[in-house]
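Colleague: Got a minute to walk me through this one? I'd like the overall picture before I get into the details.

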Amino acid sequence: MLIAGCGINTIPTKDEKAKAAWAEVQNQYQRRADLIPNLVETVKGYAAQERQVLTEVTQARASATQVKVDASTITDPAQFEKYAQAQDQLSGVLGRLMMIQERYPDLKSNENFMALQSQLEGTENRISIARRDYNAAVQDYNTEIRTFPGALWAGTVHRWAKPMQTFQASAAAQSAPSVNFGAPPAPSVSTAPAAANAQ
């Protein structure tokens, strides 16, 4: 009881809390990955000429889901960065895909697309919350293993304890995704008034 009262269990407790928060981040990313194929197929029917964006979304999703993650990812800066970058890339191209609806009125009014868009928007919010909660749990854990008495236990009993990585905002996240559908066609000039004036 005396040892337990000294905080010997605090590091494992905070470690488990951070891992649970990490699992929720992965859960929300997986939810988004599961929704994307349906969204791509829906858009294909209405905006077939936007093939490049659809291809980029499909490739980014494949890239994001191919990055292998496990419990060690959160203590490995290189692997964590690779995972975060893959997810950020997917977020960027997904934003471009969602903006395509403005160009296609039929797509904009399609019930399936609107339902998927709503689900994805909700997922993005859940991802944001999950990442925030994960960062808070990691901050709590990292503080524990660096301050007394946690640092004492981390250096003796819990030598496995390593600092965990936090999510950082990517450079691309500082600005909204830009979509360029090309220059609008030049307005046609009617020669009818000039011809009438000539008469």
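**Chat about the fold**

Modeller: Sure, starting with burial: of the 199 residues in the chain, 34% are buried (under 20% relative accessible area, with exposed being over 50% and partly exposed in between, using a 1.4 Å probe and protein chains only). Keep in mind that this is a predicted model, where local features need pLDDT of at least 70, side-chain atom pairs count only at pLDDT 80 or more, and totals for chains, interfaces and linings use all residues. Residues are numbered from 1 along each chain as its sequence is written, and side-chain values use heavy atoms, with hydrogens and water left out.

Colleague: OK, what's the secondary structure of the chain?

Modeller: Eight helices and zero strands, so the pattern along the sequence is just α-α-α-α-α-α-α-α. Helices (H or I, at least four residues) and strands (E, at least two) are DSSP runs, numbered from the N terminus.

Colleague: And how much area does the chain expose?

Modeller: About 12,200 Å², with carbon and sulfur atoms supplying 53% of it. Those areas come from the Shrake-Rupley method with a 1.4 Å probe, and for residues only the protein chains shown count as cover.

Colleague: What share of the contacts comes from residues 24 or more positions apart?

Modeller: 79% of the contacts in the chain with a separation of 6 or more. A contact here means heavy atoms within 4.5 Å.

Colleague: Let's do helix packing. At what angle do H2 and H6 pack?

Modeller: Helix H2 (residues 10-46) and helix H6 (residues 111-146) pack at about 160 degrees, with axes 8 Å apart. The axes are lines fitted to C-alpha atoms, for helices over the stretch in contact, and angles run from 0 to 180 degrees between N-to-C directions.

Colleague: Roughly parallel or antiparallel, then?

Modeller: H2 is roughly antiparallel to H6, given that angles over 145 degrees get that label (under 35 is roughly parallel, 65 to 115 roughly perpendicular, the rest oblique). The crossing of H2 and H6 is left-handed, meaning the near helix is turned anticlockwise from the far one by less than a right angle; clockwise would be right-handed.

Colleague: Which residue classes make up the contact of H2 with H6?

Modeller: There are 19 nonpolar, seven polar and twelve charged residues. Ala, Val, Leu, Ile, Met, Phe, Trp, Tyr, Cys and Pro count as nonpolar, Asp, Glu, Lys and Arg as charged, and the others, Gly among them, as polar.

Colleague: Which residue of H6 should I look at there?

Modeller: Try Ala130, which sits in helix H6 and counts as buried at 4% relative accessibility. Leaving aside neighbours within four places in sequence, Ala130 is in contact with Ala21, Glu24, Val25 and Gln28. Ala130 and Gln28 are 102 residues apart along the chain, yet their C-alpha atoms are separated by 7.6 Å.

Colleague: How do H2 and H3 pack?

Modeller: H2 and helix H3 (residues 51-66) pack at about 165 degrees with axes 10 Å apart, and they are roughly antiparallel to each other. Their crossing is left-handed. Among the residues that meet are Ile36, Val40 and Val43 in H2, with Leu54 and Val57 in H3.

Colleague: And what about H4 and H6?

Modeller: H4 and H6 pack at about 150 degrees, axes 12 Å apart, so H4 is roughly antiparallel to H6. The contact includes Phe80 and Leu94 of H4 and Phe113 and Leu120 of H6. By class, that contact has six nonpolar, two polar and three charged residues.

Colleague: Changing topic: where does Phe167 lie?

Modeller: In the loop between H7 and H8. Phe167 is buried, with a relative accessible area of 6%. Not counting residues up to four places away in sequence, Phe167 touches Trp22, Val25, Tyr29, Phe80, Ala84, Arg131, Tyr134 and Asn135.

Colleague: What about His158, buried or exposed?

Modeller: Buried, at 8% relative accessible area. His158 is in the loop between helix H7 (150-155) and helix H8 (192-198). Beyond residues up to four places away in sequence, His158 touches Ile8, Ile11, Pro12 and Trp153.

Colleague: Last one: which residues does a cis peptide bond join?

Modeller: Phe148 and Pro149, with omega at about 5 degrees. Pro149 lies in the loop between H6 and H7. For context, most peptide bonds are trans.
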